[in-house]
Amino acid sequence: MSLPKNDAALLSARWIEGVLLKRDVFSTVERGRFRGDNGEVDAVLRRLDEVPWWSFLLASHLFAREKRALAWTKGLDVGPELLWSGRRALVRGFVDGVTLHLAKPHGDLAYFRSAKAALRRLRRAGICHNDLAKEQNWLVGRDGCAYVTDFQLAACFESRGRLYRILAYEDLRHLLKHKRSYAPEALTPRERKILAKKSFAASLWLATGKKVYRAITRGLFNFTDREGGGRRLVNDAPMLADLIRKNPAVRDTAIVAFADRRSGVGLYAFVEGDQAALEGQLRNELTAAKGPKPPEHIQVVHALPRDPSGKPRTEILQLVAMNQLDLIEPMMKNDQDRAFLKDILEQRKNLRDRFNFEADLPAS
């Protein structure tokens, strides 16, 4: 399914292709640059031309909801700005920040105050996001403030009736769940009461609608969205990691997902070891095992970046796999972190789908 001529012509003239962020049965999303009336800016493109016919109606519905919600959020400073929209494509501004599940703002009370303020602005405008349970839809901006993205399920209300109040309550409750994960000591007594009390609609959804939704998306559409990694990250990555660790030259491994223009979702294995020939050995072993499809990329590193508890920092490795190198810098705590990562960046494998974002990274 191709884009309408007007959409294709405008994108051809104004859109500069960048890195692919996500591709599923509902849309293709990529980061690049957009030539607007006031110059060239970083932006994100959502397009429906690669959506299969059997999911097109639902994809179009989600697309229309996002387009309307982005138009309503203009001037609110809560998320990306709608730069342009056509019949089957739209361009929104790029928010300079990383998702909540990558940034992990432990103890960052200012961030959660900012997030609550953003929700108040949405509420005053009559907008309910409806998908804030996902950490991927919360952004930690480079300025430290909270932003939200992905308005495909958003609802816009002219009047604030009962349905609006229920949905707005659930948006707040989902924010507080994230606050409980990252700053539990800062929860107020009132916030704890909200967390303990789901709305009737939410309880009904969990008991009925969510089961139907999962049956359709995971069964009929074969769609899973754990951190954008889909079924390969959920099902294949753990088995591949077990197979990789069987090699005695491997100390540890971490597997992350990245969007791939050819296969949809690719896997990238970072393997901790010292042997130069280890990559080829592992690829032969994984192929011979006749298990899940081997990762598209295997990179041997002397040491994996780790958090204070010793767990691999997959949030950084995922950005390396996705070639979003400019977003890594704010996550580096000191010069030692930067020097440590330099070798990983220089030897990275996914060079087919990249853009000139790495120019913003300072030298180690």
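Visitor: In which strand does Arg-92 lie?

Guide: In this predicted model, Arg-92 lies in strand 5, which covers residues 89-93.

Visitor: Is Arg-92 buried or exposed?

Guide: One reads this from the relative accessible area, where a value under 20% means buried. Arg-92 has 8% relative accessibility and therefore counts as buried.

Visitor: Which residues does Arg-92 touch, leaving aside those up to four places away in sequence?

Guide: The residues touched by Arg-92 include Val-29, Ala-43, Val-44, Arg-46, Glu-66, Leu-70 and Thr-149. With Glu-66 there is also a polar contact from side chain to side chain, at 3.1 Å. Thr-149 stands 57 residues away along the chain, and its C-alpha atom is 9.9 Å from that of Arg-92.

Visitor: Arg-46 appears among those neighbours. With which residue does Arg-46 form a salt bridge?

Guide: A salt bridge is recognised when a side-chain nitrogen of Lys or Arg comes within 4 Å of a carboxyl oxygen of Asp or Glu. The partner of Arg-46 is Asp-150, with 3.5 Å between the closest N and O atoms. This pair links distant parts of the chain: Arg-46 belongs to strand 3 (residues 39-47), while Asp-150 is in the loop between strand 9 and strand 10, 104 residues apart. Arg-46 and Asp-150 are both buried.

Visitor: How many salt bridges does the structure hold?

Guide: There are 26 salt bridges in the structure. One of them joins Asp-326 to Arg-31, and their closest N and O atoms are 2.8 Å apart. Here too the pair links distant parts of the chain, with Asp-326 in the loop between helix 10 and helix 11 and Arg-31 in strand 2, 295 residues apart. Both of these residues are buried.

Visitor: Are Arg-35 and Glu-40, which form a salt bridge, buried or partly exposed?

Guide: Arg-35 is partly exposed, at a relative accessible area of 38%. Glu-40 has 44% relative accessibility and likewise counts as partly exposed. The closest N and O atoms of this pair are 3.8 Å apart.

Visitor: Let us turn to sheets. In what order do the strands of the open sheet with mixed pairing stand?

Guide: To read a sheet, one follows the order of its strands and then the sense of each pairing. The three strands of this open sheet have the order 11-12-13. Strand 11 (252-260) and strand 13 (297-301) stand at the edges; each has a single partner strand, so one side of each has no neighbour in the sheet. From one strand to the next, the twist averages 20°.

Visitor: How many bridges join strand 11 to strand 12?

Guide: Nine bridges join them, and the two strands run antiparallel. As one position to find in the structure, Phe-258 stands opposite Gly-266 of strand 12. Helix 9 (residues 278-288) packs on this sheet, where it touches strand 12 and strand 13, and its direction makes about 140° with that of strand 13. Helix 10 (residues 314-321) lies across strand 11 and strand 12, at about 45° to strand 11.

Visitor: Which strands are the edge strands of the open sheet with the order 6-8-9?

Guide: They are strand 6 (97-99) and strand 9 (146-148), each of which pairs on one side only. The pairing in this sheet is antiparallel, and the twist averages 35° from one strand to the next. Three bridges connect strand 6 with strand 8; Val-98 has Val-140 of strand 8 as its bridge partner.

Visitor: Which residue in the loop between helix 9 and strand 13 has a positive phi?

Guide: Phi is one of the backbone angles, and its sign is the point to read here. Lys-290, found in that loop, has a positive phi of about 55° although it is not a glycine. Lys-290 is exposed, with a relative accessible area of 75%. Asn-323 has a positive phi of about 60° and is not a glycine either. Asn-323 lies in the loop between helix 10 and helix 11, and at 1% relative accessibility it counts as buried.

Visitor: What is the mean pLDDT of the protein chain?

Guide: The mean pLDDT is 87, and 86% of the residues reach 70 or more. Over residues 357-364, the pLDDT is below 50.

Terms used
Residues are numbered from 1 along each chain as its sequence is written. This is a predicted model: local features need pLDDT of at least 70, side-chain atom pairs count only at pLDDT 80 or more; totals for chains, interfaces and linings use all residues. Side-chain values use heavy atoms; hydrogens and water are left out. Helices (H or I, at least four residues) and strands (E, at least two) are DSSP runs, numbered from the N terminus. Buried means under 20% relative accessible area, exposed over 50%, partly exposed in between (1.4 Å probe, protein chains only). Contact means heavy atoms within 4.5 Å. A polar contact is a pair of N or O atoms within 3.5 Å; within protein, one must be able to donate a hydrogen and the other to accept it, and residues adjacent in sequence count only if both atoms are side-chain atoms. Two strands pair if DSSP finds at least two bridges between them. Axes are lines fitted to C-alpha atoms, for helices over the stretch in contact, and angles run from 0 to 180 degrees between N-to-C directions. pLDDT is the predictor's confidence in each residue, from 0 to 100.
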